[in-house]
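These are my notebook entries on a structure that I looked up residue by residue. The entries begin with the surroundings of the nucleic acid and then turn to the cysteines.

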Protein chains: 2
Amino acid sequence: MKKTDIYSELKRNGLKNTKHRTMILDILKKSSQPISAEQLFEEMLVRKISINLSTVYRTLDTLCDKNLLIKLNVKGDNRTLFEFNHMIHRHHLICLGCKKILAIEHCPLEGYEKVLANETNFTIEGHNLNIYGYCPNCQIHNL
Amino acid sequence: MKKTDIYSELKRNGLKNTKHRTMILDILKKSSQPISAEQLFEEMLVRKISINLSTVYRTLDTLCDKNLLIKLNVKGDNRTLFEFNHMIHRHHLICLGCKKILAIEHCPLEGYEKVLANETNFTIEGHNLNIYGYCPNCQIHNL
DNA sequence: TGACAAATGCGAATCATTTGCATCTACATT
DNA sequence: AATGTAGATGCAAATGATTCGCATTTGTCA
């Protein structure tokens, strides 16, 4: 997603194009890992963009509302993490050692929601799946 | 689980048998829904057991450590919920309308962890799955 | 029964997140 | 390009869930 794409994406959602927003989207777009509001705030400082932490929170909130970002909650971390919404249904594999997060693009629950809907008479809207384990590197250092 | 069972369960885990603990375990054992620390605190008051909220938190913590309870986090609720550990691997189906929580005792991920371990070289320790939707009753009132 | 570790109460601290309000800015319209 | 206005931001204070330090109490075991 180029700068111009970000611009039109914001516009399409009725959001003003501000330095802060484009920067936040840019950082998240390029990040290989979901990150927290605080981390984002610090990354902005590194990039010499002065911003207030509440603005970070507010921006993240609006971007989530517009489905440009996705919220993520990880066991043992009380903060909310945010990641760029690549518009692909995915889950996460989280290393309990180094906390690294891997996206999994295959959903093992395809079809299951229908079965569950039949069994329970619920209408299913979605699900949330995180898988926890140790990455190859942490397995070595955990002996 | 009878009172005596709770007693020996505590003992087996090196925990002292106190009025508070047995009461908390008893409430959770009988509850059809996972509940929060605050709710538990209020339920104790109803039962005329005076207790401090920090004690509730501390008790819940130790009981989780000993695997007598399970923590549960639900999207859109920033509190932690607790449920009695029935020693059965289960997931939860949560109604987005009335917030009711249904336990699902069939795990749709059996076998998948092995596949994932092979693909990623992670050692998998466990997973977390919540499914969201609307219960029959809330479907009606949501028209 | 007495000793001692563990459990509790109380109040204050912490941490992530939200909110109220005054000010500022992007952008549509003139 | 100037301008009006809704929306965006900064700042400081509030909130809500949870944790912590420390003095006191209580369960358990010898």
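I looked up the surroundings of DNA strand C and found 21 residues, the closest being A:Tyr57, A:Thr80, B:Thr18, B:Arg21 and B:Thr55; a residue is near a strand if one of its heavy atoms lies within 4 Å of it. I note that the model is predicted, that local features need pLDDT of at least 70 and side-chain atom pairs pLDDT 80 or more, and that totals for chains, interfaces and linings use all residues. Residues are numbered from 1 along each chain as written, chains are lettered from A and ligands numbered from 1 in the order written, and side-chain values use heavy atoms, without hydrogens and water.

I sorted the residues near DNA strand C into four nonpolar, 11 polar and six charged. Helix H4 (53–65) of chain A, and helices H2 (19–30) and H4 (53–65) of chain B, each supply at least two residues of this surface.

I then asked which part of the strand meets the protein: of the atoms of DNA strand C within 4 Å of the protein, 65% belong to sugar or phosphate and the rest to bases.

I looked up polar contacts (pairs of N or O atoms within 3.5 Å). A polar side-chain atom of B:Thr55 lies 2.6 Å from a phosphate oxygen of DNA strand C. For A:Asn17, a backbone N or O atom is 2.9 Å from a phosphate oxygen of the strand. The side chain of B:Ser54 has an N or O atom 3.2 Å from a base oxygen.

I searched for disulfides (cysteine sulfur pairs within 2.5 Å) and counted zero over all chains. A:Cys135 is in none, and the nearest cysteine sulfur, that of A:Cys95, is 3.7 Å away.

Notes: Polar contact = N/O pair within 3.5 Å; in protein donor to acceptor, adjacent residues only side chain to side chain. Helix = DSSP H or I, 4+ residues; strand = E, 2+ residues; numbered from the N terminus. Nonpolar A, V, L, I, M, F, W, Y, C, P; charged D, E, K, R; others polar.
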